[in-house]
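Hi there,

Here is the structure I promised to pass on. Have a look at it first, and my notes follow below.

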Amino acid sequence: MPEKTQARTTDTVIRPGRIEDVDTIHAAILKLGTHIGAPEEIISTADDLRSYGFGEKPAFSTLIAEVDGEFAGLCLHFPIFSTWMGRPGVYVQDLYVEDRFRGRKIGELLLRHVAAQCRKEGGVYLRLSVDTDNEGAKAFYERLGIAWSSYEQTQKIIGDAFFAFADAPQNGEQE
């Protein structure tokens with residue numbers, strides 16, 4: 001009996017995000033926050049994404065994955081630069097795949113696409129952060145060869161502390 005081959009029933013497309021995708025992008029970010037147990041930390045709005053991602057000077061880009069025309073995931077990223085390597089790279093801020101599309105390598109496809117785009121523009125590295133409690137994501141990245149960096153730690157200052165720091169007199173100047 002001849003061996004049957006399974007026909008491919010889905011078509012995955014990776015495309016750049018567009019301004020008309022903003023509500024979907026924001027909804028995915030909200031779902032990502034819920035998935036990692038921190039929905040209250042998402043204070044952005046769709047209008048923020050519209051202004052800063054699709055305005056005059058975009059602060060980020062997105063790639064959208066669609067399966068048979070349906071939203072399946074996204075990768076929100078922006079360019080970075082390494083002074084040590086003297087070369088550009090890409091920082092992946094958010095990677096999200098809808099639950100019903102997990103296990104289909106959509107996250108990997110998004111990451112490979114953004115890496116290829118970066119390389120085409122002279123980039124030599126990809127950087128991202130992983131929620132410390134997200135063991136599934138850590139294993140996923142490790143499987144792809146995106147390793148934990150033992151010599152770096154992410155630091156941040158946000159909210160009122162950031163504003164106070166940014167607005168403080170500089171170089172001993174008095175206001």
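Which residues lie nearest the centre of the second largest pocket? They are Ser61, His77, Pro79, Gln117 and Glu121, out of 19 residues that line this pocket. Before I go further, please keep in mind that this is a predicted model, and that the values here are computed from it.

**The second largest pocket**

The space in this pocket comes to about 280 Å³. Its lining is made up of 10 nonpolar residues, eight polar ones and one charged one. Several elements contribute to the lining: α2 (46-54), β2, β3, β4 and α3 (106-120) each supply at least two residues.

**The chain as a whole**

If you step back from the pocket, the chain has five helices and five strands. Reading from the N terminus, their order is β-α-α-β-β-β-α-β-α-α. The chain has 175 residues, and 31% of them are buried. Along the principal axes, the C-alpha atoms fill a box of roughly 85 × 35 × 35 Å.

The unreviewed UniProt entry carries the annotation "domain: N-acetyltransferase" for residues 12-169. In the model, that span is 35% helix and 25% strand, and its end C-alpha atoms are 52 Å apart.

**Strands β2, β3 and β4**

These are good elements to follow by eye on your screen. Strand β2 (residues 61-67) and strand β3 (residues 70-82) run antiparallel and are joined by seven bridges. To find the register, look for alanine 65, which stands opposite glycine 73 in β3. The two strands form a hairpin with two residues between them.

On to the next pairing: β3 also runs antiparallel to strand β4 (residues 87-97), with 10 bridges between them. Here histidine 77 stands opposite valine 92 in β4. Histidine 77 also appeared above, among the residues nearest the centre of the second largest pocket. The hairpin of β3 and β4 has four residues between the strands, and glycine 86 in its turn has a positive phi of about 70°.

Glutamine 93 is also in strand β4. With a relative accessibility of 41%, glutamine 93 counts as partly exposed, because that class runs from 20% to 50%. Its C-alpha atom is 10 Å from that of serine 61, although the two residues are 32 apart along the chain.

**Two residues with a positive phi**

Most residues other than glycine have a negative phi. With that in mind, two loop residues are worth a look.

Aspartate 68 is in the loop between β2 and β3. Its phi is near 50°, a positive value in a residue other than glycine. Aspartate 68 has a relative accessible area of 48%, so it is partly exposed. For a sense of distance, aspartate 68 and glutamine 170 are 54 Å apart from C-alpha to C-alpha, with 102 residues of separation in sequence.

Lysine 105 is in the loop between β4 and α3. The phi of lysine 105 is near 65°, which is again a positive value in a residue other than glycine. Is lysine 105 buried or exposed? Its relative accessibility is 55%, so lysine 105 counts as exposed, the cut-off being over 50%.

**Aromatic pairs**

How many aromatic pairs does a search of the whole structure find? The search finds four. One of them brings together phenylalanine 162 and phenylalanine 163: their ring centres are 5.7 Å apart and their planes meet at 65°, so the pair is edge-to-face, a class for planes over 60 degrees apart.

Both rings belong to residues that have some contact with the outside by the accessibility count. Phenylalanine 162 is partly exposed at 38% relative accessibility, and phenylalanine 163 is partly exposed at 48%.

That is what I have for now. Happy browsing, and do write back with any questions.

Best wishes

Methods:
Residues numbered from 1 in each chain as written. Predicted model: local features only at pLDDT ≥ 70, side-chain atom pairs only at ≥ 80, totals over all residues. Heavy atoms only, no water. UniProt positions renumbered as here; feature names shortened; annotations may be inferred. Pairing = 2+ DSSP bridges. Phe/Tyr/Trp six-rings, centres within 6.5 Å; stacked < 30°, edge-to-face > 60°. Buried < 20%, exposed > 50% of the residue type's maximum accessible area, 1.4 Å probe, protein only. 1 Å grid on protein atoms, 1.4 Å probe; cavity = no way out; pocket = protein on both sides within 12 Å on 5 of 7 lines; lining within 4 Å. Points joined across faces, edges and corners; volume = space filled by probe spheres on them. Nonpolar A, V, L, I, M, F, W, Y, C, P; charged D, E, K, R; others polar.
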